[in-house]
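Got your viewer open? Here's a walk through the model, stop by stop, with something to select at each one.

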Amino acid sequence: MASPTFPSALHTERAKPYVLGLFRIVTGFLFACHGAASLFGWFGGVAGTGGTLETGAWPNWYAAAIQLVGGVLIMAGLFTRSAAFLSSGSMAYAYFDVHQSGTLLPLQNGGENAAMFSWVFLLLVFTGPGALALDQLLGGRTKAALPEAGAAATATTPAGTAR
């Protein structure tokens, strides 16, 4: 029986921005759904009760607003790094303030979603939005237009000039 063949490195490199873009879209959608559930009672509402949060109640209402707005921005790929940074911090706060006070491990304290969202969004801060993002349309800059780090960047810089 023949073993399955894996895509070549060239194919995976070409697919990487699109897979990252799909990852961003799905994650942003899931995050926005949490906010919509808490703010509008959609998808079962707060904790599946069908209810909503009291407007302005600290910190839950603000966390839900960050989830909704941040999730939509991340899903659209608009201001992705800033929205991901704020969303990551919000979820880190939720984990350490709400969940971790009981027990350390997320599996024991119910903080898996907060921990995962926090790390996923921190990753997006450093990787950027990938393909299919509105950031690329508004900024007018694509990956191909940016200079590569290392030799390609120094080759385009005249000798003796500072960057």
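## Start at a helix pair

Select α2 and α3 to begin: these two helices cross in a left-handed way, meaning that the near helix is turned anticlockwise from the far one by less than a right angle (clockwise would be right-handed). Their residue ranges are 60-76 for α2 and 80-99 for α3, but before you zoom in, a word on what you're looking at. This is a predicted model, where local features need pLDDT of at least 70 and side-chain atom pairs count only at pLDDT 80 or more, while totals for chains, interfaces and linings use all residues. Residues are numbered from 1 along each chain as its sequence is written, and side-chain values use heavy atoms, with hydrogens and water left out.

Back to the pair. The axes of α2 and α3 come within 9 Å and cross at roughly 150 degrees; axes here are lines fitted to C-alpha atoms, for helices over the stretch in contact, with angles from 0 to 180 degrees between N-to-C directions. So α2 and α3 are roughly antiparallel (that takes over 145 degrees; under 35 is roughly parallel, 65 to 115 roughly perpendicular, and the rest oblique).

## Zoom out

Now show the whole chain as a cartoon. You'll find seven helices and zero strands, so defined as DSSP runs numbered from the N terminus (H or I, at least four residues, for helices; E, at least two, for strands). Read along the sequence, the pattern is α-α-α-α-α-α-α. Of the 163 residues in the protein chain, 31% are buried. Buried means under 20% relative accessible area, exposed means over 50%, and partly exposed is in between (1.4 Å probe, protein chains only).

## Along α1

Next, select residues 9-40, which make up α1. Where is the salt bridge? Show the side chains of E13 and K16: they meet in one, at 3.0 Å, N to O. The rule asks for a side-chain nitrogen of Lys or Arg within 4 Å of a carboxyl oxygen of Asp or Glu, and by it the count comes to one salt bridge. E13 and K16 both sit in α1, three residues apart, about one turn of the helix. Each partner is partly exposed: E13 has 46% relative accessibility, and K16 has 46% too.

Stay on α1 and pick Y18. Y18 is partly exposed, at 47% relative accessible area. Add L22 and L132 to the selection, and you have a nonpolar surface patch with about 320 Å² of accessible area together. Patches are made of residues with over 30% relative accessible area and no salt bridge, joining like charges within 9 Å and nonpolar side chains (Val, Leu, Ile, Met, Phe, Trp, Tyr) within 5 Å. The areas come from the Shrake-Rupley method with a 1.4 Å probe, and for residues only the protein chains shown count as cover.

## Over to α5

Keep α1 on screen and add α5, residues 112-127; the two axes come within 11 Å and cross at roughly 140 degrees. That makes α1 oblique to α5, and the crossing is left-handed.

Click F121 in α5. Is F121 buried or exposed? At 0% relative accessibility, F121 is buried. Then draw a distance from F121 to R81: 8.5 Å, C-alpha to C-alpha, across 40 residues of sequence.

## Loops worth a click

Move on to the loop between α5 and α6 (134-139), where you'll find L132, the residue from the patch with Y18 and L22. L132 has a positive phi near 65 degrees. P129 is in that loop as well and is buried, with a relative accessible area of 14%. The C-alpha atoms of P129 and I25 are 9.0 Å apart, although 104 residues separate them along the chain.

Now go to the loop between α1 and α2 and select A47. A47 isn't a glycine, yet its phi is positive, at about 50 degrees. With 76% relative accessibility, A47 counts as exposed. P59 is in the loop between α1 and α2 too, and the peptide bond leading into it from W58 is cis, with omega near -5 degrees. Why pause on these spots? Because most residues other than glycine have a negative phi, and most peptide bonds are trans.

## Last stop

Finish back in α2 with G71. G71 is buried, at 0% relative accessibility. Its C-alpha is 5.0 Å from that of F31, with the two positions 40 residues apart in sequence numbering.
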